[in-house]
Every structure is written in structure tokens, then in C-alpha cells.
Amino acid sequence: MNTKIIIYLLALLPLAACQDNEATSDAYGKFEAREVIISAEASGKLIQFDVEEGQQLKAGELVGLIDTTLLHLQREQLRAKIRAVTGKTQDAEPQVRVLQERKQNLLREERRLKALIADKAAPAKQLDDLQGQLEVIDKEIDAIRAQSQTANRGILSEIAPIEAQIEVVEEQIRRSYIYNPVSGTVLLQLAEPYEMTAAGKPLYTIAPLEELELRAYVSGAQLPELKLGQEVTVLVDQDAESNRSLSGTISWIADEAEFTPKTVQTKEERVNLVYAFKVKVKNDGRLKMGMPGEVVFQNSQQ
């Protein structure tokens, strides 16, 4: 009988040790990253797509191109329309030059008449008539130029809508170039080169893995111990028997309670409500998304 009791007690030792280890942690959860889904902004064939899973990408890096051949042809067509409209404009200068030549002849005649009148060899009325003709020519020149400007304004007003269409096409061309928006690691490749894509279709997902967040849960009784910016200790599995300790900072605390997730073990019963919070942890390359972790509040270690 004594032997059976000893064997039973020895069997309970690992469980007790596990419970003691559990008692050292205040919250439990899993690591996650802020995933960003990168989608196409244009439709067409992916003639270039340099993205692979696990690849490190920098913000602003060109990673792909959607075929822009039709867009370039459409832009050239619109530019040709502008040239055609410009060719319709009126040039008033040829008519103005004819009138200005007549004016120069009249000015020469005016000088001759003034000399004759000074010698009393010609009547003053001829000079008055001549000066009247000069005034008429000046008015005709002004009228021709004004008429030409009015007509050209109407013609050139057709260019503005065409230029607006060119801006739309150029924006579509710009959106055909796929630039990676954030630095990080490609988690999932969703497209292949030379596939047809469409605006809004996901191409790949990326996440910055230099810093991960441990999403964990605490009970309402533990909630007063948390505050934003608080330094905590994060424990992750080192091996089957020991943990690795990391430092982290609380970056988010939920405003509302929720039921305990099935995948999270806490000291409270599962029917209790818990509050989610996140801890930012620098990643040395060994932390992975989905890896379990534990949180120890600093004051609980004192």
C-alpha cells in the first residue's frame, strides 16, 4: 500500500510543477503581426511581378507592372486630338499686315499733304479725309484681332476636356506600377507573373516582422494592473522545460470585455469575461506568428 501511495505522489509531481510554472504568468496569448493586403489598382496582365513568400521588401520598392500598352496608345490618341484642335485656330496677322501696309502708305501721303498745305498748295480737307482713313484702318486692325481672339478662345476651350482625359489616363498608367507601401516580409503570394488581374484583386500580403504583438487576455480583476506603455516580461518556449524571457510594452487595451477564447488558458473559468490587450515585442528572428507566449506583469515579480 505504501508503494502505491508513493507512485501516485510521484505522478502528481509534474502536474504540480506545471501548475507552479502557470502561477508565474499573468496572461497567455499568441503572437501576431499587422498584416497588410496589397491589391492591384489597375486591370490587365501582370507583365512583371517580383514577389516571393519570405522576401524582404522595402517601402516604395517597385515590385510589379501591369500592361500599359493600351493606355499609352490612348494617351497618344488624345494628344493627336489636341494637335488637331490647335490647327483650327485663326491667325489674324496676315490680314493685319495688309492693313498695316495700307496704313504706312497713308502715313506717307499724310506727310506729303502736310508739306503741301504748309505751302498752301493743297486744301486742308484732304488731310482731314486722310486722317479719317487712318483711324478707320486702326479700328479694322483692332476688330480683326479681337474677332480672332474670340474665335480662338472658343476653339481652344475644346482642349481643356481632352487634357483632363489625358490626366486620367496618366493616373491609370501610374497605378499600373505596383509599389510596395510598407517595409516587411512577404507572408503570402497571391498572384503570378503574366496572370490577368483586376483593380482591387489581392496580390500579396506583407507584415513588418521586426516587431510582433502578443495578443493576450486578462480578467476583470487583473485589468487595473494594466496601463498603456507599461513594461512587462514576455515568456516564450526555449525548449521543452525552460522559457526565454523578453521585454515588451503594452500598446493596446480593449475597451470592452469578451468571453475567453478557447485557445487561451487562464486561471479563471472559461465562462468568465476577459479583456484583450497587446504587447509589442522586438523580434530577434526567433519569434513567429502564431507562437504562444506568456506575460508577467513587472509588479507581480516583486
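A residue counts as buried under 20% relative accessible area, as exposed over 50%, and as partly exposed in between (1.4 Å probe, protein chains only). The model is predicted: local features need pLDDT of at least 70, side-chain atom pairs count only at pLDDT 80 or more, and totals for chains, interfaces and linings use all residues. Residues are numbered from 1 along each chain as its sequence is written, and side-chain values use heavy atoms, with hydrogens and water left out.

**Exercise 1.** Determine the burial class of Pro 208 and list its contacts beyond four places in sequence.

*Solution.*
1. Pro 208 lies in the loop between strand S9 (202-207) and strand S10 (211-219); strands (E, at least two residues) and helices (H or I, at least four) are DSSP runs, numbered from the N terminus.
2. The relative accessible area of Pro 208 is 29%, which means that Pro 208 is partly exposed.
3. With contact taken as heavy atoms within 4.5 Å, Pro 208 touches Ala 33, Arg 34, Ser 183 and Gly 184, neighbours within four places in sequence being left aside.
4. Gly 184 is 24 residues from Pro 208 in sequence, yet their C-alpha atoms are 3.9 Å apart.

**Exercise 2.** Compare the span of helix H5 with its expected value, then locate its buried residues.

*Solution.*
1. The expected span is 1.5 Å times one less than the number of residues.
2. For the 18 residues of H5 (159-176) this gives 26 Å, and the end C-alpha atoms are 26 Å apart, in agreement.
3. The buried residues of H5 are Ile 159, Ile 162, Ile 166, Val 169, Ile 173 and Ser 176.
4. Viewed down the axis, these residues fall within an arc of 85° (directions from the helix axis to the C-beta atoms), so they line one face of H5.
5. They pack against strand S5 (62-66), helix H2 (69-86), helix H4 (124-156) and strand S6 (177-179).
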